[in-house]
Structure formats: C-alpha cells, structure tokens
Amino acid sequence: MFQENCVKQVIDESRRQLLKRVTLGVALIPFAGLPLRAAIAADLPLVTADDPTAKALKYVSDANKASGTKPGSKCANCSNYQGAAGSAQGGCLLFPGKAVKAAGWCSSWTAKT
Ligand code: SF4
C-alpha cells in the first residue's frame, strides 16, 4: 500500500511538471518568431520609388509627402506592416521580400485593429 502511494505521488508530480512545461511552451509560442522576424525585416532591402508595385500603390517613404491620406496614417499603423513596434522600417504584406519605412504610406493603407 505504501509503495503504491509513493508511485502514485511520483506520477502525480511528473504529470504536474509536464503540464507546467506544456502550458509555458504554449504561452510562449506567439513570441517565438518576434526577434527572428525583426532581424529578418532589418535586412530586407527598402522598397524603391521605381518599384512597379510602389508606383501602382503610390507608395512614398514619408507619409507627409503623400496627398489624400487619412491624417495620421502611415505604415507603422497599417495592418499590413510587419515591422516591430517602434521600428524605423519593416516588412509589408504587399511588398514580399522588401521593407517599407514606418513613416511611409501607400494607397492600400488599412488601419491596424
Ligand atoms: S500596405 Fe500599409 S504597410 Fe504596406 S506600404 Fe501600404 S501603408 Fe505601408
């Protein structure tokens, strides 16, 4: 009986440890790619003015120089912007493999929700 209780306690403790580790691991999943994503975005070449997509979307690296913008709209607060908060530049879903300026803007700007 004593041995049975000891084995049960060991199993219960192991189960608790496993649950703690799984819970912690699941909680950290959303943060797993952040440093990597930021590092990758920092290495991306900036979209240039002669980029065909940039021309089509009227992209500018400074939102203040765009006409017809919603006040305060810029890449940094666009839902397509992939850069980290406070970054000077980052990826954009509409410019795969390239970075846009956080202060930039294009006609596909969509408010971050
Ligand atoms: S879609 Fe958004 S983040 Fe991308 S260039 Fe246009 S305004 Fe900037």
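These exercises, with worked solutions, concern a predicted model of one chain and its ligand.

Local features need pLDDT of at least 70, and side-chain atom pairs count only at pLDDT 80 or more, while totals for chains, interfaces and linings use all residues. Numbering runs from 1 along each chain as its sequence is written, and side-chain values use heavy atoms, with hydrogens and water left out.

**Exercise 1. Outline the chain.**

Task: State which secondary structure the chain has, and in what order.

Solution:
- Step 1. Take helices (H or I, at least four residues) and strands (E, at least two) as DSSP runs, numbered from the N terminus.
- Step 2. Count them: three helices and two strands.
- Step 3. Read along the sequence: the pattern is α-α-α-β-β.
- Step 4. Check burial, where buried means under 20% relative accessible area, exposed over 50%, and partly exposed in between (1.4 Å probe, protein chains only). Of the 113 residues, 22% are buried.
- Step 5. Check contacts, meaning heavy atoms within 4.5 Å. Among contacts with a separation of 6 or more, 65% join residues 24 or more positions apart.

**Exercise 2. Characterise the cavity.**

Task: Find how many cavities of 30 Å³ or more the structure holds, and describe the lining of the largest cavity.

Solution:
- Step 1. Use a 1 Å grid over the protein atoms alone; a cavity is a set of points where a 1.4 Å probe fits but cannot get out, and lining residues have an atom within 4 Å of a point.
- Step 2. Join grid points across faces, edges and corners; a volume is the space filled by probe spheres set on the points.
- Step 3. The structure holds one cavity of 30 Å³ or more. The largest cavity has about 100 Å³ of space.
- Step 4. It is lined by 15 residues, and Cys75, Cys78, Cys92, Trp105 and Cys106 are the closest to its centre.
- Step 5. Sort by class: Ala, Val, Leu, Ile, Met, Phe, Trp, Tyr, Cys and Pro count as nonpolar, Asp, Glu, Lys and Arg as charged, and the others, Gly among them, as polar. The lining divides into 11 nonpolar, three polar and one charged.

**Exercise 3. Place the ligand.**

Task: Say where the ligand sits and which residues are around it.

Solution:
- Step 1. A molecule sits in a cavity if more than half of its atoms lie within 2 Å of its grid points. The ligand sits in the largest cavity.
- Step 2. Collect residues with a heavy atom within 4 Å of the ligand. Among them are Cys75, Cys78, Cys92 and Cys106. Others include Tyr59, Asn80 and Trp109.
- Step 3. The shell has 10 nonpolar, one polar and no charged residues.

**Exercise 4. Inspect Asn80 and Ala63.**

Task: Decide whether Asn80 is buried or exposed, then do likewise for Ala63.

Solution:
- Step 1. Asn80 lies in the loop between helix 3 (52-56) and strand 1 (89-92). Its relative accessible area is 15%, so Asn80 is buried.
- Step 2. Beyond four places in sequence, Asn80 touches Gly91, Cys92, Leu93, Leu94, Ser108 and Thr110.
- Step 3. Ala63 is also in the loop between helix 3 and strand 1. At 10%, Ala63 is buried.
- Step 4. Contacts of Ala63 beyond four places include Thr69, Ala103 and Trp105. Its C-alpha atom is 9.4 Å from that of Lys101, 38 residues apart along the chain.

**Exercise 5. Inspect Lys58 and Leu46.**

Task: Give the accessibility of Lys58 and of Leu46.

Solution:
- Step 1. Lys58 has a relative accessible area of 59%, so Lys58 is exposed. Its phi is near 55 degrees, a positive value in a residue other than glycine.
- Step 2. Leu46, in the loop between helix 2 (34-43) and helix 3, is partly exposed at 35%.
- Step 3. Leu46 and Ala99 are 53 residues apart in sequence, yet 4.6 Å apart C-alpha to C-alpha.

Terms used:
1 Å grid on protein atoms, 1.4 Å probe; cavity = no way out; pocket = protein on both sides within 12 Å on 5 of 7 lines; lining within 4 Å.
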